[in-house]
Amino acid sequence: MPLLPESLPETIFKDDGTRLDGRKFNELRDLHIEVGVLKNADGSALVCHGKNRIIAGAYGPREVHPRHLAKSDTGILQISYRMATFSVGERKSPVPGRREKEISMVVGKAIEPVLFLEQYPNTTIDVFITVLTADGGTRCASVTAAACAIADMGIPMKDLVAGVAVGKIANRIILDVSDKEDKWEKGGATDMPVAVMVNQKQYSLLQLDGSITVEQFEEMLDLVFEGGKLVYEKQKEALRRKYSTEDVGR
Ligand code: CDP
């Protein structure tokens, strides 16, 4: 384990135009999803996106605790996003920080539109997300994981939600920014994490950190939608894999 932080390379694109890890501008990092990985959760998912390792456990719809949070006309969705202390280079405090609270809220907002919460008054759907290893884009991978964990519970959903980011680095627009790429540009790269509801052709999350022109924004939206479709295919594959091999009636 190096004692000093890894130094950043001088250029972020190779001579042939590919990225440091060999990807083209429109390529995702390796993405592997497994559902049903936690025996004691109602639904669960493991997302390996690049070097991110993120696990989500979903429960419900179940009684709300504390009870005063319950709503008599609808169910609620409660998301808890946490980073393990060993998930990043510098030890992260085990106490949930402001960033974790913000990401919990953001992931919830991204997932809510695909649920029929009004059909489950007085109940909650709880999703606990733990980042085991972080490699940039954990909020997007958490959206992907939470949607799969909820789908794995078997409740009706309008769509899946696929998380993916698009960024602008060295004035070039690239899909699925890695941690190294994000940290490369001095003053910070432009990063736009997005959650895509592919079948609805809608976005349920769009954050933007940095500055871009309107034309670049449109280009980024197109690229990230295509990225969302790739993530969505992997989500479907993972769910199919589980349900096509599971013993029925056990
Ligand atoms: O993870 P995401 O890109 O959605 O959120 P971020 O707040 O923009 O963080 C970017 C990256 O910084 C994370 O994915 C981690 O790899 C890293 N990070 C870290 O090293 N230490 C932290 N305490 C928080 C984030």
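In this predicted model, the count of disulfides comes to zero. Cys48 takes part in none, and the nearest cysteine sulfur, that of Cys148, is 12 Å away. A disulfide requires two cysteine sulfur atoms within 2.5 Å. The sulfur of Cys140 has its closest cysteine sulfur in Cys148 as well, at 14 Å, and therefore no bond is possible at that distance. Cys48 counts as buried because its relative accessibility is 15%. Cys140, at 3% relative accessibility, also counts as buried.

The ligand site is described next. The residues surrounding the ligand are Met83, Val88, Arg99, Ala134, Asp135, Gly136, Gly137, Thr138, Arg139, Asp179 and Lys183. Sorted by class, this shell holds five charged, three polar and three nonpolar residues.

Polar contacts to oxygen atoms of the ligand are made by residues including the following.

| Residue | Protein atom | Distance to a ligand oxygen atom |
|---|---|---|
| Arg99 | polar side-chain atom | 2.6 Å |
| Thr138 | polar side-chain atom | 2.5 Å |
| Arg139 | backbone N or O atom | 2.9 Å |

Taken alone, the ligand exposes 510 Å², of which the protein buries 73%. Two or more shell residues come from each of helix H2 (138–153) and helix H3 (179–184). Thr138, part of the shell, contacts the ligand through its side chain, whereas the contact of Arg139 listed above uses a backbone atom.

Conventions:
Residues are numbered from 1 along each chain as its sequence is written. This is a predicted model: local features need pLDDT of at least 70, side-chain atom pairs count only at pLDDT 80 or more; totals for chains, interfaces and linings use all residues. Side-chain values use heavy atoms; hydrogens and water are left out. A residue is near a molecule or strand if one of its heavy atoms lies within 4 Å of it. A polar contact is a pair of N or O atoms within 3.5 Å; within protein, one must be able to donate a hydrogen and the other to accept it, and residues adjacent in sequence count only if both atoms are side-chain atoms. Accessible areas come from the Shrake-Rupley method with a 1.4 Å probe; for residues, only the protein chains shown count as cover. Helices (H or I, at least four residues) and strands (E, at least two) are DSSP runs, numbered from the N terminus. Ala, Val, Leu, Ile, Met, Phe, Trp, Tyr, Cys and Pro count as nonpolar, Asp, Glu, Lys and Arg as charged, and the others, Gly among them, as polar. Buried means under 20% relative accessible area, exposed over 50%, partly exposed in between (1.4 Å probe, protein chains only).
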